[in-house]
Amino acid sequence: VATTTVAGIVNIWLPEGDIPVEGATVTVFGTQISATSDASGLFTLENVPTGDIFFTTMADGHWGFADSYYVPEQTSEPIRLMLLPDDYVIARANALERTVSPADGMLEIQFYLGAAGGETGSIGAPSDAPFTIALDGQPVEQAGVIANEHGSGMLIFSSVKTDDGPIAVDVAGVSGVTSCVVDDAEGTTFPIIAKTITIADSYCKQAP
């Protein structure tokens, strides 16, 4: 298997802007390949297999992320990995009157570039009822996505048990309006990791 070097940056994601994170652990999922971010949030991973790879990001006091990137054999652009502060996640769980356990994972279906609003998704494991994010940044418990002016939106499933993963993800557009597909190879499953938000990217277009 061909390998290469991957560089990137770890940021805390907040609506008011990104904040670089020092001391975050970045790992190629399912391997011992890992690195720690420096004072500028930068990291470098050596001997990363090429192809579609899940990277996990973790740090004390934060919820981590698991996100898939295509790693080419040639040098690629730095990848951007994220974290969310515990208090940010807890505040949104409280707004939904639910509890999130650090022993469980979450899965976020991210709809990109073409969502009209109302798109739905499902995951291959039990979870709390899905929620989306309103345009004011507040969580709303409903099955359909609220899309912004760029055609993007998200659908999040919390309290997914780690022993349920890896799991399948399916998406659906709005009948007669949009069609959506998960942007990964057919049959791809998604890891569920404690205190980690796994991202499944989905792209939508106008229905034929």
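These are my notebook entries on a predicted model of a protein.

**Entry 1: the whole chain**

I began with the overall picture. I counted one helix and 16 strands in the protein. Next I looked up the extent of the C-alpha trace, which spans about 45 × 40 × 35 Å along its principal axes. How does the radius of gyration fit a compact globule of 208 residues? The rule puts such a globule near 17 Å, and the protein has 17 Å, so the two agree.

**Entry 2: inside and outside**

I then asked what share of the 208 residues is buried. I noted 45% for the protein. On the outside, I found that about 10200 Å² is exposed, with carbon and sulfur atoms supplying 52% of that area. I also looked at contacts between residues at least 6 apart in sequence, and 66% of them join residues at least 24 apart.

**Entry 3: the disulfide**

I searched for disulfides and found one. As a reminder to myself, a disulfide is a covalent bond between the sulfur atoms of two cysteines. Here C180 is joined to C204, with 2.2 Å from S to S. Which way does the disulfide turn, right-handed or left-handed? I read a torsion of about 105° around the S-S bond of C180 and C204, so I wrote down right-handed. The bond links distant parts of the chain, since C180 sits in strand β15 and C204 in strand β16, 24 residues apart. I checked burial as well, and both C180 and C204 are buried.

**Entry 4: W13 and Y88**

Aromatic rings came next, and I found four aromatic pairs in the structure. A pair of this kind is described by the distance of the centres and the angle of the planes. For W13 and Y88, I noted centres 6.1 Å apart and planes at 85°. Planes over 60 degrees apart count as edge-to-face, so that is the label for W13 and Y88. Where do the two residues lie? I placed W13 in the loop between β1 (3-12) and β2 (19-20), and Y88 in helix α1 (residues 86-95), 75 residues away along the chain.

Is W13 buried or partly exposed? Its relative accessibility is 37%, so I listed W13 as partly exposed. Y88 has a relative accessible area of 14% and is buried. Y88 has another partner too: R92 lies over the face of its ring, at 3.7 Å from the ring centre.

**Entry 5: F54 and F190**

I then turned to another of the aromatic pairs. The rings of F54 and F190 have centres 5.8 Å apart and planes at 80°, so I called this pair edge-to-face. F54 belongs to strand β6 (residues 51-58), while F190 is in the loop between β15 (178-182) and β16 (196-206). The pair therefore ties together parts that are 136 residues apart in sequence. For burial, I noted 12% relative accessible area for F54, which is buried. F190 is buried as well, at 1% relative accessibility.

**Entry 6: a serine in a loop**

My last stop was S152, which I found in the loop between β12 (139-141) and β13 (153-160). Is S152 buried or exposed? With a relative accessible area of 15%, S152 is under the 20% cut-off and so counts as buried. Which residues does S152 touch, leaving aside neighbours within four places in sequence? I listed Q110, F111, Y112, L113, I146 and A147.

Terms used: Residues numbered from 1 in each chain as written. Predicted model: local features only at pLDDT ≥ 70, side-chain atom pairs only at ≥ 80, totals over all residues. Heavy atoms only, no water. Phe/Tyr/Trp six-rings, centres within 6.5 Å; stacked < 30°, edge-to-face > 60°. Helix = DSSP H or I, 4+ residues; strand = E, 2+ residues; numbered from the N terminus. Buried < 20%, exposed > 50% of the residue type's maximum accessible area, 1.4 Å probe, protein only. Lys NZ or Arg CZ within 6 Å of the ring centre and 35° of its normal. Rg over C-alpha atoms; globule rule 2.2 N^0.38 Å. Contact = heavy atoms within 4.5 Å. Areas by Shrake-Rupley, 256 points an atom, 1.4 Å probe, with all protein chains shown as cover. Disulfide = S-S within 2.5 Å.
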